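Take a look at the fold shown here. The walk below goes from sheets to helices and ends at one side chain.

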Amino acid sequence: MRSSTDRILTTHVGALPPVSGIWTAGGADEARMDQAVVDVVRRQRACGVDLVNEGEYTKAGHWTQFVSERLAGFEPTAERSTLKLMTDSEDWKEFSAFYQAAAAGGTLFESTRSTGDQTRNMDWACTGPVRYVGQRVLQREIDCLRSALGEGAPGDAFLTSTAPASLEPGRENRYYQSEEQYVYALADAMRVEYEAIAQAGFLLQVDDAWLAALWDRIGVQMGLAAYQRWCTVRVDALNHALRNIPEERVRYHLCWGSWHGPHAHDIPMQDIVHLMLRVKAQAYLFEAANARHEHEFTIWEQVRLPDHKILVPGVVSHATTLIEHPELVALRIRRFADIVGRDRVIAGTDCGLGLRCHEQVAWAKLKALAEGAAFASQSLWGRKPAA
């Protein structure tokens, strides 16, 4: 992975504003998909984004449900455990009137592009051995991004996938004898996808929002120590799946669930930072721009960032429609650079901008991200950065 050797590099978490008509009940319109990915790569570069992706268009815009067609061993179920996890939380209990109003108004849960395929919104039950069967659609995804890059280096592009811990919610285990056996089975299956992305020359980004977001759903009752042990098993399973991939090919994204709500009961970063750093990755993407977590940059004054690791803090947030001023973006970048070193910081976003941002807002935020990185580069290097 490139580092910020002469200027602050920029990237984002993955999801970008959708293009209508790509996905239908019959699947993807491949010709429209190809053109949409070409366009979204071009538009990222025009905004000044250095490390780009395909906008998650090839996944129909959903960071967990895309896996449903790529894993065997599951059957659809009428259970709605994912919805129960969302609603059975400390936040939901304390702010029940807000959440009920937001859910009724359709502003709470993520606005993903519709495929017309209701199976993408189902919960699942594991009823047999978990196997990866998505090689064809994964290869299509890889080929689509490679073609869109043109002369660009694959190493400057990333594809996202999902961590085993974040595949458990909504996929009840009815087959394996223990939770640990189940999560390792998920890891062994997803290893196929992880390795294929890395072998194609792209950066692999592993998304793991549920690791932190389950705290106020199952963790509070467990207690912190027990929840940290629960998370450690999942992180070790992920590392098991990443064992054959060089660390410098992996970026790991952790957030607190990202929905528009109070988030008053998020687990503090200081209680999970050691779990994040345990993941076999070179770069770590996390929320650092929203009002609940912006202050947590100070923990890096006490927590040592291991050698050769890179931080990718979110310096623009999906949680507000306000467009961050580039000077504020630069300030947020410099906070981290002053602590861990300018060459160990890449500017990123809190979460996907395609899920809860209007298209105009999302692209304006990416432009502000790049402009802020340029301002930060000028002060951190004492000169105008190279174009």
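What follows describes a predicted model, taken one element at a time.

Start with the six-stranded sheet. This sheet is open, and its strands pair in parallel. Read across, the order is 5-7-8-9-10-11. Which strands stand at the edges? They are strand 5, residues 158–162, and strand 11, residues 348–349. Each of these two pairs on one side only. Strands of a sheet pair through backbone hydrogen bonds, either parallel or antiparallel.

Now look at the edge formed by strand 11. Its partner is strand 10, which covers residues 310–316. Two bridges join strand 10 and strand 11, in the parallel sense. One residue to locate here is V316, whose bridge partner in strand 11 is T349.

Go to the other edge next. Helix 7, residues 179–199, packs on the six-stranded sheet. Helix 7 touches strand 5 and strand 7, the latter spanning 203–207. The direction of helix 7 makes about 170° with that of strand 5. Another helix to find is helix 12, residues 326–340. Helix 12 lies across strand 9 (283–286) and strand 10. Its run is at about 160° to strand 10.

The second sheet has three strands. It too is open, but its pairing is mixed, and the order is 3-4-6. Strand 3 (71–77) and strand 6 (171–173) are the edges. Each has a single partner strand, so one side of each has no neighbour in the sheet. From one strand to the next, the twist averages 40°. Strand 4, residues 123–132, runs parallel to strand 6, and three bridges join them. Within strand 4, find W124. Opposite W124 stands R171 of strand 6.

Helix 7 comes back at this point. On the three-stranded sheet, helix 7 touches strand 3, strand 4 and strand 6. Its direction makes about 60° with that of strand 4. Helix 7 therefore packs on the six-stranded sheet and on the three-stranded sheet.Helix 7 also meets helix 10, residues 224–241. The two axes come within 8 Å and cross at roughly 35°. The crossing is right-handed. Which residues of helix 7 make the contact? They are E179, E180, V183, Y184, A187, D188, R191, Y194 and E195. From helix 10 come W230, V233, R234, D236, A237, L238, H240 and A241. By class, the contact has nine nonpolar, one polar and seven charged residues.

Helix 10 has a further packing partner in helix 9, residues 215–222. Here the axes are 6 Å apart, at an angle of about 125°. This angle falls neither over 145 nor within 65 to 115 degrees, so the pair counts as oblique. Helix 9 passes helix 10 in a right-handed crossing. W215, I218, G219 and M222 of helix 9 meet L224, A226, Y227 and W230 of helix 10. The class count is seven nonpolar, one polar and no charged residues. W230 takes part in the contact with helix 9 and in the contact with helix 7.

Finish at E195 in helix 7. Is this glutamate buried or exposed? Its relative accessible area is 12%. Buried means under 20%, so E195 is buried. Setting aside neighbours within four places in sequence, E195 is in contact with A241, N244 and I245. Of these, A241 belongs to the helix 10 side of the contact with helix 7.

How values were computed:
Residues numbered from 1 in each chain as written. Predicted model: local features only at pLDDT ≥ 70, side-chain atom pairs only at ≥ 80, totals over all residues. Heavy atoms only, no water. Pairing = 2+ DSSP bridges. Helix = DSSP H or I, 4+ residues; strand = E, 2+ residues; numbered from the N terminus. Contact = heavy atoms within 4.5 Å. Axes fitted to C-alpha atoms, helices over the stretch in contact; angles between N-to-C directions. Parallel < 35°, antiparallel > 145°, perpendicular 65-115°, else oblique. Left-handed = near helix turned anticlockwise from the far one by under 90°. Nonpolar A, V, L, I, M, F, W, Y, C, P; charged D, E, K, R; others polar. Buried < 20%, exposed > 50% of the residue type's maximum accessible area, 1.4 Å probe, protein only.
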